[in-house]
Each structure stands twice: as structure tokens, then as C-alpha cells.
Amino acid sequence: MSHEEYGAIRASHHPDIYALDPPGLEKLRIRVRQMRDKEQTLVRQKQRERRGKAEPRGSSFPATTELPLQRMQVFAGALKRLNKEISRIRKLEARLANIDAARRALAMRRNANFTSYPAAGDAAKNGMNPQPSRRRMTRISGKRIGSISQATKASQAKRDSRR
């Protein structure tokens with residue numbers, strides 16, 4: 001590996017990856033992805049050459065063309081680590097934003113429980129006026145109260161006496 005490639009891979013490992021801020025992680029991810037894509041192209045070209053489907057490309061490849069599959073795997077591993085770290089940071093930021101929103105909502109709810117209403121003030125003239133009821137007024141005469149149950153008793157007694 002070249003010095004630049006080694007530096008990018010080294011920055012994606014455990015202690016160094018936490019020193020990078022989110023924009024730095026994004027830049028490093030772009031660089032590592034480009035390196036992986038380049039190696040992937042070399043791997044595919046070598047496979048086509050081995051199968052006899054393509055002519056050897058170029059007379060002079062860069063000096064880092066030995067073992068392109070292993071190099072691609074190294075870059076892919078670095079890319080996975082970077083993706084996981086970026087995902088972890090995004091989830092942490094979302095969780096913190098959610099906690100902050102929940103605290104604000106709780107504060108708003110607590111403030112709403114203790115609302116102070118203004119005083120009613122003086123009433124005009126005699127105060128409140130009674131409103132007439134809208135329900136229909138039904139009056140039942142006294143002789144009808146209980147007459148239904150008495151009629152039922154009387155008709156039952158008539159039927160019982162016939163037998």
C-alpha cells in the first residue's frame with residue numbers, strides 16, 4: 001500500500017476514527033470508496049484476463065497491482081467501519097434531539113397545567129340572567145300516576161277469576 005492509502009486505512013481504525021468530526025468522516029469515506037472502486041475495477045479486469053475475455057490492459061500498471069482482491073477487501077473493511085461510525089453518530093444525534101424535544105414537551109405540559117385565568121371582573125347591572133329551559137314541559141295529572149300498574153293488576157285479576 002502507498003503511504004496515502006495506509007493513512008486512510010489507519011484513520012478508519014479504533015482510536016483514530018473517534019478523533020474525526022462528521023465532515024471529516026464523510027471526506028474520508030469518499031476517499032476510501034474511490035480507492036475501493038479503483039481496486040474493484042482492477043480485480044474485474046484481472047478476472048476477465050484470466051478467463052480470456054479481455055486483453056491485458058496497459059503495459060505498465062501501477063506498482064500496487066499485486067493482490068488487488070485483498071487490497072479491495074481491505075478498503076471494503078475500512079469503508080464498513082466508516083459507515084458504521086457515521087451511522088452511530090447520526091443515531092446519537094437523533095437520540096439527543098429526541099430527548100431534547102421530549103423535555104421541551106414535558107415543560108410545555110407542566111406549564112399548561114398551571115394556567116392562571118384572569119379575574120371575572122364586575123358584572124353588568126344585576127349579574128347573570130337566567131335562561132329559560134329549552135326542554136318541553138310535560139305535566140302528568142295525579143290520577144294517571146300509577147293507573148297503568150293498577151290497570152294491569154285489574155286485568156290480571158279478571159283473567160285469574162275466569163279459570
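1. Let me start with one residue, Q45. Setting aside neighbours within four places in sequence, Q45 is in contact with A54, E55 and R57. Bear in mind while looking at these contacts that this is a predicted model.

2. Where does Q45 sit? Q45 belongs to helix α3, which covers residues 22-51. And is Q45 buried or exposed? Its relative accessible area is 11%, and the cut-off for buried is under 20%, so Q45 counts as buried.

3. Now the chain as a whole. There are five helices and zero strands, so to put the order in symbols, reading along the sequence gives α-α-α-α-α. The radius of gyration comes out at 44 Å, well over the 15 Å from the globule rule for 163 residues, so the chain is more spread out than a compact globule.

4. On overall dimensions, the C-alpha atoms fill a box of roughly 125 × 70 × 25 Å along the principal axes.

5. Next, burial and surface. Of the 163 residues, 17% count as buried, and Q45 is one of the buried residues. The chain exposes about 14,100 Å², with carbon and sulfur atoms supplying 54% of that area.

6. A word on contacts across the sequence: taking those in the chain with a separation of 6 or more, 71% come from residues 24 or more positions apart.

7. Last, the charges. The chain carries 38 positive and 15 negative charges, and the mean positions of the two sets are 23 Å apart.

How values were computed. Residues numbered from 1 in each chain as written. Predicted model: local features only at pLDDT ≥ 70, side-chain atom pairs only at ≥ 80, totals over all residues. Heavy atoms only, no water. Helix = DSSP H or I, 4+ residues; strand = E, 2+ residues; numbered from the N terminus. Buried < 20%, exposed > 50% of the residue type's maximum accessible area, 1.4 Å probe, protein only. Contact = heavy atoms within 4.5 Å. Rg over C-alpha atoms; globule rule 2.2 N^0.38 Å. Areas by Shrake-Rupley, 256 points an atom, 1.4 Å probe, with all protein chains shown as cover. Lys, Arg positive; Asp, Glu negative; His and termini not counted. Charge placed at Lys NZ, Arg CZ, Asp CG, Glu CD.
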